[in-house]
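User: Please go through the terms used for this model one at a time, and set each value against the definition behind it.

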Amino acid sequence: MRRRHRRSLQLAAATALLATAATACNAAAKSDGSDSASGASGKSFTLVTPDAVGQNEFLKLAVTGIKDAAKAHGGSQKVYESTDTASQQQNVQAAVAAAPDVIVLVGFEFADLVAQQAKAHPKQQFLMIDACTTKTFTNVSCAVFREHEGVYLAGAEAGLLSESGKVGAVDVLDTPQFRRYSDPFAAGAKKVAAKTQTSTRFVGGQSPFDDSARAKEQANSLLAKGTDQIMAAAAAGNYGVFEAAKAKGAFAYGVDVNQCPSSPGTVVDNVIKRTDVAVEKGIEAVLGGKAGTTVSYGLKEGGISLTGLEAGVDSSKCVIAQHKDVLAKVKALRDQIVAGKLTVDDPAAG
């Protein structure tokens, strides 16, 4: 769930971007130097990010995905890192000018730009991650995530660990898309502890994705009523939620990447989006002739997971690593969802 530094839900129509004149030299583009072709028959892939990669684990996974795809196809890859709206536009234009086999873009920020470029360049293949264009194009493929499945499992952990019997969530906005990060949390908790009381607070305001102070206030309102497990779905405001929980000796859950190191002893687990899986599998589908489709990645496809269910949980600094019994029960729920025996309601469906 970033807004600048955290991935947010797909909001394809939320950002209107104006096209700018193409530039022959793009100063905003950054390559890691491993973009030389492996041979004439090798495929070429370009990744465009909405922000600088830096220590952004969500974007780093996307970079891993495109590198793995290049290796699998004996080809080359290039990464264009954006820093603002202008560089996003320039990078997309530079990528199109280079005409790689597939251009991969992460985030709703690119929805309008991709729609424009896809129409102007019908032979160029685009793969959007965590978003999609409003209109369908035969040369635009999309990878979206079933976040609600992972949130449900995190809710189950909260229900099993809660001592007060009260769990809650701090969500950015009261919309069906964002309720994917709060409603299933309540449902998961009640699945394992039927009498659990649940509540959700919304950040709102002028800057709901970046307002750590308001997120902290909403967390404190939950804590004041005895909530001891909080789903933090406040984008950059998550750190405010973590601070509030730590101060009260309560616990919180992160999103998208492992946020446990930011508040060891407070963050129990995280709902992980495996952008590397979506990138690599998405490219494979495009090259396999399945372009122009939208693929949903959840627990079954390995696109959604929990830090607690991933390798390396013991060194993750997540509280859940201390509760192997809880993880065993959560794994059983995951297996039921993967097998189709348990369906998690999607607040954004319909």
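Analyst: A disulfide is a pair of cysteine sulfur atoms within 2.5 Å, and by that rule the structure holds 2 disulfides. The model is predicted, so that local features need pLDDT of at least 70 and side-chain atom pairs count only at pLDDT 80 or more, while totals for chains, interfaces and linings use all residues. Residues are numbered from 1 along each chain as its sequence is written, and side-chain values use heavy atoms, with hydrogens and water left out.

User: What makes Cys 132 and Cys 142 a disulfide, and why is it given its particular hand?

Analyst: Their sulfur atoms lie 2.1 Å apart, and the cut-off is 2.5 Å, so the pair qualifies. The torsion about the S-S bond of Cys 132 and Cys 142 is about 70°, and the disulfide is therefore right-handed. The pair links distant parts of the chain, with Cys 132 in the loop between strand E4 (125-129) and strand E5 (140-145), and Cys 142 in strand E5, 10 residues apart; strands (E, at least two residues) and helices (H or I, at least four) are DSSP runs numbered from the N terminus. Both Cys 132 and Cys 142 are buried, a word that means under 20% relative accessible area with a 1.4 Å probe and protein chains only, whereas exposed means over 50% and partly exposed lies in between.

User: How do you know that Cys 260 and Cys 318 are bonded, and where in the chain do they sit?

Analyst: The sulfur atoms of Cys 260 and Cys 318 are 2.0 Å apart, so this pair also meets the disulfide criterion. With 100° about the S-S bond, the link of Cys 260 and Cys 318 is right-handed. This pair, too, links distant parts of the chain, 58 residues apart: Cys 260 is in the loop between strand E9 (251-256) and strand E10 (267-273), and Cys 318 in the loop between strand E12 (304-306) and helix H9 (324-338). Both of these cysteines, Cys 260 and Cys 318, are buried. Counting bonded cysteines along the chain, the disulfides follow the pattern 1-2, 3-4.

User: Why are E7 and E12 described as edge strands?

Analyst: Two strands pair if DSSP finds at least two bridges between them, and an open sheet of 6 strands has the order E7-E6-E8-E9-E10-E12, with mixed pairing. Strand E7 (197-202) and E12 each have a single partner strand, so one side of each is left without a neighbour in the sheet. The twist averages 20° from one strand to the next, such angles running from 0 to 180 degrees between N-to-C directions of axes, which are lines fitted to C-alpha atoms, for helices over the stretch in contact. E10 and E12 run antiparallel and are joined by 3 bridges, so they satisfy the pairing rule.

User: What makes E5 and E11 partners, and which sheet holds them?

Analyst: E5 and E11 pair in the parallel sense over 4 bridges, so the minimum of two is met. They belong to an open sheet of 6 strands in the order E2-E1-E3-E4-E5-E11, with parallel pairing. Strand E2 (76-81) and strand E11 (294-297) stand at its edges, each with a single partner strand, so one side of each is left without a neighbour. Within E11, Thr 294 is the bridge partner of Cys 142, the disulfide-bonded cysteine that lies in strand E5.

User: Why does Phe 45 count as buried or exposed?

Analyst: Phe 45, which lies in strand E1, has 2% relative accessibility and therefore counts as buried. Leaving aside neighbours within four places in sequence, Phe 45 is in contact (heavy atoms within 4.5 Å) with residues including Ile 66, Val 102, Ile 283 and Leu 287.

User: What makes H4 oblique to H5, and how is H4 placed against H9?

Analyst: Two packed helices are described by the angle between their axes and the distance between the axes. The axes of helix H4 (residues 147-161) and helix H5 (residues 183-192) come within 6 Å and cross at roughly 45°. That makes H4 oblique to H5, because angles under 35 degrees count as roughly parallel, over 145 as roughly antiparallel, 65 to 115 as roughly perpendicular and the rest as oblique. The axes of H4 and H9 come within 10 Å and cross at roughly 150°, which makes H4 roughly antiparallel to H9. Tyr 152, Ala 156 and Leu 160 are among the H4 residues that meet H5, and Tyr 152, Ala 156 and Leu 160 are also among those that meet H9.
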